[in-house]
Amino acid sequence: MKTLLKGKHLLRTADWSNEELETLFATAEKLKLETTLGIPHDDILRSKSLFMLFFEESTRTRNAFECGMTQLGGHANFLTPKATQVDHGETPKDTVEVLGRMGHGIGIRNTLVGGHEWMQAVAAHSSIPVYNMQCDVWHPTQALADMFTIREKFGKNLSGKKFVISWTSAGNYMRPLSMANSLVAIMTRFGLDVTLAHPEKFDILPEAVEMARENAKKNGTKFEIVHDMDEACNDADIIYAKGWGPIMHVGDDEKAGVEMINQNPGWVVDSRRMALAKESAIYMHCMPADRDIEVTSEVMDGPQSVLYDEAENRLHTIKALMALTMGNVGGQR
Ligand code: CP
């Protein structure tokens, strides 16, 4: 168990070793059990402050970090570009140099194209841990909660289990690639055989594909890309499906992206597709899900859906992340 994690950033799960992630999962398990039993752990981050800078909306991420800070004994400051001088162009360096003199951690959500570079610039100058609360290319805290949930449902030995991440026809706006990138990168590390399904021209980040291929080779897992949702769902153990834009082809051209999404209807998780999977298969989505567009309500509210457990696990895994990187653990001061 690797415990010397104080001050460590989380911009991508790839920056944490398997041993470090195992420490995080074990901590999350302990904190979840204590929360369930009503055992307080508010001494872990007592009097500490987390800055949460949101360029966009959030239900799960913001509240997991904010409630997490309260439960660990600290406080979370909710910030937006407009509520700070970021909107007037104050640089990532100047912003974090100042915040680092006052608080103990900073989380950022910036899913605009270039959001990851912005976070990297913050991290490069930060004396306090920087958490990626979702950017244009990665969503590490969601991927950690997803991995944790799968291990709760199937156990730690996931060898031979088929994980499907499929695109869906969610055409009201262009969603970032961050979930698909993050999922193929982490699931191939922890024993799962991964199938990525999407229509032509909805490729994910080449760096994420490369990571998945390398992880599969290194860990004896499989990684494949298919362009047919039925083929992907066949014999699956886990079906995780959500939309993303054809960003590798159109960049941030919203109009062109939405037009391309709407040229590919019918990529939806319904009971017919769930029946293609194993009887014991589970349905996952990071949420918010477009009901009856990405997934039918029958599946979303059905017995195979683990959506709300998955959302709850955002809290426990994020608490573990903050406790390990901001707290006085492992004899660190
Ligand atoms: N899954 C997720 O990140 O949800 P929010 O956008 O509500 O934070």
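1. Two strands are taken as paired if DSSP finds at least two bridges between them. In this predicted model, that criterion applies to S166, which stands opposite A197 in strand 6. S166 also has a bridge partner in strand 8, namely A241. The points below begin with the strand that carries S166 and then turn to the sheets, the helices and the loops.

2. Strand 5 covers residues 162-166, and 5 of its 5 residues are buried, so the strand is largely enclosed by the rest of the structure. The side chains alternate: K162, V164 and S166 point one way, F163 and I165 point the other way, and all of them are buried. The cut-off behind this statement is a relative accessible area under 20%. The lysine at position 162 is thus among the residues counted as buried.

3. Strand 5 has parallel neighbours in strand 6 and strand 8. With strand 6 (residues 193-197) it shares 5 bridges, and the two run parallel; within this pairing, L196 is the bridge partner of I165. With strand 8 (residues 238-241) strand 5 shares 4 bridges, again in parallel.

4. These strands belong to an open sheet of 5 strands, ordered 7-6-5-8-9 and paired in parallel. Its edges are strand 7 (223-226) and strand 9 (282-284), each of which pairs on one side only. From one strand to the next, the twist averages 20°.

5. The connection from strand 5 to strand 6 merits attention. Together with helix 6 (residues 178-187), the two strands make a right-handed β-α-β unit. Helix 6 has 10 of its 10 residues buried, so this helix is largely enclosed by the rest of the structure. The buried set includes polar residues such as S178, N181 and S182 alongside M179, L183, V184, I186 and M187.

6. A further open sheet consists of 4 strands in the order 2-1-3-4, with parallel pairing. Strand 2 (75-79) and strand 4 (130-135) stand at its edges with a single partner strand each, so one side of each lacks a neighbour in the sheet. The twist in this sheet averages 15° from one strand to the next. Strand 3 (residues 105-110) is joined to strand 4 by 4 bridges, and these strands run parallel; V130 in strand 4 is the bridge partner of I106.

7. Salt bridges number 17 by the distance rule applied here, which requires a side-chain nitrogen of Lys or Arg within 4 Å of a carboxyl oxygen of Asp or Glu. In helix 2 (residues 60-71), R62 and E66 are 4 residues apart and so separated by about one helical turn. Their closest N and O atoms are 3.0 Å apart. R62 is partly exposed at 24% relative accessibility, and E66 is partly exposed at 23%.

8. Helix 3 (residues 92-99) holds another pair with a spacing of 4 residues, K93 and E97, about one helical turn from each other. Here the closest N and O atoms lie 3.7 Å apart. K93 is partly exposed, with a relative accessible area of 37%, as is E97 with 32%.

9. In helix 10 (residues 254-262), E259 and K255 are likewise 4 residues apart, a separation of about one helical turn. Their salt bridge has an N to O distance of 3.6 Å. E259 is partly exposed at 45% relative accessibility, whereas K255 counts as exposed at 64%. Elsewhere, salt bridges that share partners join R12, D15 and E207 into one network.

10. A nonpolar surface patch of about 310 Å² is made by L33, L37 and I39. Of these residues, L37 has its place in helix 1 (residues 18-37) and is exposed, with a relative accessible area of 60%.

11. Certain backbone values in the loops deserve inspection. Most residues other than glycine have a negative phi, and most peptide bonds are trans. S47 has a positive phi, near 70°; this residue lies in the loop between helix 1 and strand 1 (49-54) and counts as exposed at 64% relative accessibility. D292 also has a positive phi, of about 60°, and is exposed at 51% relative accessibility.

12. D292 is found in the loop between strand 9 and helix 12. P288 is found in the loop between strand 9 and helix 12 (297-300) as well, and the peptide bond from M287 to P288 is cis, with omega near 5°.

Definitions and conventions:
Residues are numbered from 1 along each chain as its sequence is written. This is a predicted model: local features need pLDDT of at least 70, side-chain atom pairs count only at pLDDT 80 or more; totals for chains, interfaces and linings use all residues. Side-chain values use heavy atoms; hydrogens and water are left out. Buried means under 20% relative accessible area, exposed over 50%, partly exposed in between (1.4 Å probe, protein chains only). A crossover is right-handed if, with the strands pointing away from the viewer, the path from the first strand over the helix to the second runs clockwise. Patches are made of residues with over 30% relative accessible area and no salt bridge: like charges are joined within 9 Å, nonpolar side chains (Val, Leu, Ile, Met, Phe, Trp, Tyr) within 5 Å. Accessible areas come from the Shrake-Rupley method with a 1.4 Å probe; for residues, only the protein chains shown count as cover. Axes are lines fitted to C-alpha atoms, for helices over the stretch in contact, and angles run from 0 to 180 degrees between N-to-C directions.
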